[in-house]
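Reader: Hello! Could you take one part of this structure and walk me through it closely?

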Amino acid sequence: MRIHVPDLCSAQHKSNPYPVYARLRAEAPVMRIVFGDKKPAWLLTRYDDVAAALKDPRLAKNAYRTLTPEEQAKAMPWTPGFLRPLTTSMLDQDPPDHTRLRTLVHKAFTPRAVESLRERIEVLTAELIARARARGSIDLLEELAVPLPITVICEMLGVPEADRARFRAMSNRLIGIVTPTDMLLAMPSMWMLMRYLRGLVESRRRSGGNDMLAALIDAEEAGDRLGEEELLSMVMLLLLAGHETTVNLIASGMLSLFDDHEALERLRSEPSLIKPAVEELLRHTSPVDLATERYTTEEVAFSGHVIPKGQRVFAVLGSANHDEQMFAQPERLQLDRDPNRHLAFGSGIHYCVGAPLARLEAQIAFTAILKELPGLRLAVPRASLRWKPATILRGLDQLPVHCTPAPTCSI
Ligand code: HEM
């Protein structure tokens, strides 16, 4: 069946994608569309199909694996060499390369390693909240949700404070890439960032250090080391994947709580609910919403539909996380939902390596925000909030709030 699908990368769709996803699940759960980048992709929208696809080794990350050399030359347009680290990260690799790269970085994100960051994350959060309280009204996204994860990942990697604004600007440009024209326009800033990162790696090679970048340079697994390109693409992936997603979880999660006053008040009065609440906010907001890209290395069937070999497939996490076959009343925020087998961090071998860090940051942030800012409320009408156009992620453009209690009327 053919149904009309709006532009899934548009700000309008991002503001409430769930009615479209519900229709797709019901009427066209496996559907071929032409995407914002003008290339076709198959959308999988049912929970069972998405979960199966993420674990299926017949779906590869590296598009080249599915093509003959002649097909590769035709399919892959010219990619400048300096951009290679952006397209060759571990997220774009299959075993055995993926296994090797993931083993090297995994140690930094074990629950124990992440727990050792707790105190620092609490201090950072407290500073940001004190600043917000002093200001009275802030953009919660730019002044709280952004600086927290970006500071944490930059400190882990040893990126100097003076350079962090540059990462934010760069990250915004990358997220905004939907069409080939966006890609061309973003090239100069990508080139500058690559040059900067090369300099950072070189200086760390010369002088060493205690941070994750120094550890990655030294990391050896079974006599293996990261090559120069691999190192750059790992740093790039960690900086980008390591902050924008968590920014969206904190900001969109706060909006979900504003939308459901009862849930907000419950979490405020029962802070021990924070762990299941963050899982529910991950499910409800699905920061990685749309494009977890894979390529079929052979024919694969989902919900009875055969997808031919060599096709691009998007497992739509935002839709899977709102599938009524899996989650009762999926649009409802149920802070103690149990079980909650959401797919917000993906599944299978590419399951988010930073999940323990993202969970900890969000648990600390929501707990502190609700405790320390009792008067927190939206500073603009709900309908005026805008979402960013994006291919992979779903996130707000800004979230203006008042941090002080609303004035009460007295007669
Ligand atoms: C992979 C989501 C935070 C680093 C992924 C994937 C998802 C995801 C869905 C799998 C994509 C796929 O299968 O195609 C999220 C969400 C986050 C978050 C929702 C926050 C709320 C983080 C953080 C870091 C991180 C804090 C690191 C500091 C990575 C890396 C991968 C990844 C390196 C690639 C893993 C691999 O290919 O094996 N993330 N992420 N993420 N994430 Fe996250």
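Author: Happy to; here is a close look at one helix, with a short visit to a strand afterwards. This is a predicted model, in which local features need pLDDT of at least 70, side-chain atom pairs count only at pLDDT 80 or more, and totals for chains, interfaces and linings use all residues. Residues are numbered from 1 along each chain as its sequence is written.

Helices (H or I, at least four residues) and strands (E, at least two) are DSSP runs, numbered from the N terminus. Helix α17 covers residues 274–285, and its end C-alpha atoms lie 16 Å apart, which agrees with the 16 Å that 12 residues should span at 1.5 Å a residue; the expected span is 1.5 Å times one less than the number of residues.

Of those 12 residues, 9 are buried. A residue is called buried if 20 or more other C-beta atoms, placed from the backbone, lie within 10 Å of its own. Among the buried ones are A277, V278, L281 and L282, along with E279, E280 and R283. The buried residues pack against α15 (244–259), α16 (261–269) and α19 (355–372), where a contact means C-beta atoms, placed from the backbone, within 7 Å. Just after the helix, S286 takes a positive phi of about 40°.

Now for the strand. β5 (residues 292–296) is largely enclosed by the rest of the structure, because 4 of its 5 residues are buried. Strands pair if DSSP finds at least two bridges between them. β5 runs antiparallel to β3 (residues 59–60), joined by 2 bridges, with A60 opposite Y295. β5 also pairs with β8 (residues 312–315) in the antiparallel sense over 4 bridges, and there E293 has F314 as its bridge partner.

How values were computed. Two residues are in contact if their C-beta atoms, placed from the backbone, lie within 7 Å.
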